[in-house]
Amino acid sequence: IAKLIFCWDFTVTHERAVKLKQKNLSTEIRENLSEIRQENVKLTLNQQLIRFSAHLAAWVVSTGVAVACCVAVYYLAENNSEFLKSHRNPGAVLLLPFLVSCISLAVPRLYSLFRLVERYEMPRHEVYTLLIRNIFLKISIIGILCYYWLNIVAQAGEECWETLIGQEIYRLLLMDFVFSLADSFLGEFLRRLIGMQFITSSGLQEFDIARNVLELIYAQTLVWIGTFFCPLLPFIQMITLFIMFYVKNISLMMNFQPPSKAWRASQMMTFFIFLLFFPSFTGVLCTLAITIWRLKPSADCGPFRGLPFFINSIYGWIDTLSKRPSYLWVVWIYRNLIGSVHFFFILTLIVLIITYLYWQITEGRKIMIRLLHEQIINEGKDKMFLIEKLTKLQDVEKRANTSSFIPGRRDVEQPDPLHVREQDAACDLRLRRSVQEENPET
């Protein structure tokens with residue numbers, strides 16, 4: 001509290017920046033008060049058992065739902081080729097993307113309803129739980145689809161199987177975009193009408209941060225996988241994200257209300273970035289590594305046709321450059337740096353050293369922040385002490401002025417006759433001087 005009250009940044013002078021700073025301070029105060037209130041809550045043994053049972057039941061149900069969805073996706077993907085051969089309807093190719101998009105839209109909302117039973121007091125805990133459940137669901141579905149693409153589609157002997165995988169990923173992204181638009185225009189708008197017109201006790205819904213972040217991570221993972229099979233896919237995703245940003249912005253302002261419980265969004269950013277890196281980006285690297293080093297390209301189409309593996313294209317390119325004297329420096333870089341195990345060992349060692357140094361710098365900054373925080377608190381206590389001293393001095397001066405005012409009032413009520421004559425003589429003298437200054441001749 002001392003930090004928030006006595007440490008205003010006076011370098012902030014712009015009106016918009018000042019209002020933003022005030023909102024940040026208000027949010028931080030509400031976050032601190034929410035955590036302090038949670039720390040003061042003490043539950044009985046029965047209440048703790050009831051809460052633990054509710055959490056355990058929610059986890060069992062959520063895990064069972066995720067497993068059932070993954071089994072349904074795997075069964076449909078495994079039989080997708082036979083289904084497409086027996087159904088010549090062009091819309092049949094959208095069955096698998098439709099099922100995946102329905103699961104991605106409905107199941108996270110089911111997970112959000114579990115908070116009515118679990119009743120987390122800390123908003124961060126609720127967001128962490130939703131993120132873990134949603135990331136388990138979505139990454140499992142993407143893993144099953146990758147297994148289907150790399151082990152069934154690629155090994156089925158289909159012509160241009162790379163194109164088939166690119167088309168599947170394109171349909172998934174397009175269907176996800178259509179479902180997101182429909183959810184924003186219809187689902188969230190209808191929920192607003194129900195909360196405002198029919199069930200007024202529920203009110204407007206709160207913005208689900210975990211679900212929307214996971215939708216972005218899911219779409220980004222598909223784009224990373226599909227870039228190898230469909231190079232124009234990132235451009236298409238840029239257009240869809242541009243449209244969805246403004247759609248979500250309008251829907252957020254019209255159909256949602258601010259969260260009732262304050263939570264530290266700045267601390268969640270690190271967790272969001274970690275989710276984007278570890279399950280998403282790392283999984284994509286493993287998938288592409290298996291594709292490049294272990295799968296055989298199509299024999300009749302594509303830029304890699306006729307090669308035993310995708311990586312052989314790089315080997316052939318290096319052999320071609322080695323016959324041209326002007327490009328020998330490229331061959332040297334590849335053989336001594338990119339293709340050298342020792343170089344990657346040294347590079348890994350350098351990265352570990354830099355990571356350790358940054359970790360030490362971070363720890364030192366944490367210690368400095370703690371010391372500065374303690375110094376700020378002490379300065380606030382000093383200011384409170386000085387304010388108390390000033391208040392006491394003002395009270396003493398007020399009492400002294402009150403006691404000296406009473407005798408003075410008695411002197412005014414009974415003036416001395418000699419003092420009155422002196423005042424009359426002084427007035428007469430000032431009058432004569434003023435007359436002389438105005439009329440010197442007189």
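Helix 8 and helix 9 run roughly antiparallel to each other in this predicted model. Helix 8 covers residues 161-198 and helix 9 covers residues 209-226, and their axes come within 9 Å while crossing at roughly 160°. Anything over 145 degrees counts as roughly antiparallel, so this pair qualifies. As for the hand of the crossing, it's left-handed.

So what does each helix bring to the contact? From helix 8 you get Ile169, Leu172, Leu173, Asp176, Ser180, Asp183 and Glu188. Helix 9 answers with Arg211, Glu215, Tyr218, Ala219, Leu222, Val223, Ile225 and Gly226. Sort these residues by character and you find eight nonpolar, two polar and five charged.

Keep an eye on Asp183, one of the helix 8 residues in that contact. Asp183 is buried, with a relative accessible area of 9%. Its side chain meets that of Arg211 in a salt bridge, at 3.9 Å from N to O. Since a salt bridge here needs the nitrogen within 4 Å of the oxygen, the pair at 3.9 Å makes the list. The two residues sit 28 residues apart, Asp183 in helix 8 and Arg211 in helix 9, so the bridge links distant parts of the chain. Arg211 is buried, just as Asp183 is.

Asp183 has another partner too: Arg109, with the closest N and O atoms 2.5 Å apart. Arg109 belongs to helix 5 (residues 95-113), so its bridge to Asp183 in helix 8 ties together parts that are 74 residues apart in sequence. How accessible is Arg109? At a relative accessible area of 26%, Arg109 is partly exposed, whereas Asp183 is buried.

Now put the pieces together. Through salt bridges that share partners, Arg109, Asp183, Arg211 and Glu215 join into one network. Three of those names should look familiar from the helix 8 and helix 9 contact: Asp183 on one side, Arg211 and Glu215 on the other.

Elsewhere in the chain, Glu118 and Arg133 form a salt bridge, their closest N and O atoms lying 2.8 Å apart. Glu118 is in helix 6 (residues 115-118) and Arg133 in helix 7 (residues 123-153), so this pair ties together parts 15 residues apart in sequence. Both Glu118 and Arg133 are buried. And how many salt bridges are there by this rule? The count comes to eight, including the ones visited here.

Note on methods. Residues are numbered from 1 along each chain as its sequence is written. This is a predicted model: local features need pLDDT of at least 70, side-chain atom pairs count only at pLDDT 80 or more; totals for chains, interfaces and linings use all residues. Side-chain values use heavy atoms; hydrogens and water are left out. Axes are lines fitted to C-alpha atoms, for helices over the stretch in contact, and angles run from 0 to 180 degrees between N-to-C directions. Helices (H or I, at least four residues) and strands (E, at least two) are DSSP runs, numbered from the N terminus. Angles under 35 degrees count as roughly parallel, over 145 as roughly antiparallel, 65 to 115 as roughly perpendicular and the rest as oblique. A crossing is left-handed if the near helix is turned anticlockwise from the far one by less than a right angle, and right-handed if clockwise. Contact means heavy atoms within 4.5 Å. Ala, Val, Leu, Ile, Met, Phe, Trp, Tyr, Cys and Pro count as nonpolar, Asp, Glu, Lys and Arg as charged, and the others, Gly among them, as polar. Buried means under 20% relative accessible area, exposed over 50%, partly exposed in between (1.4 Å probe, protein chains only).
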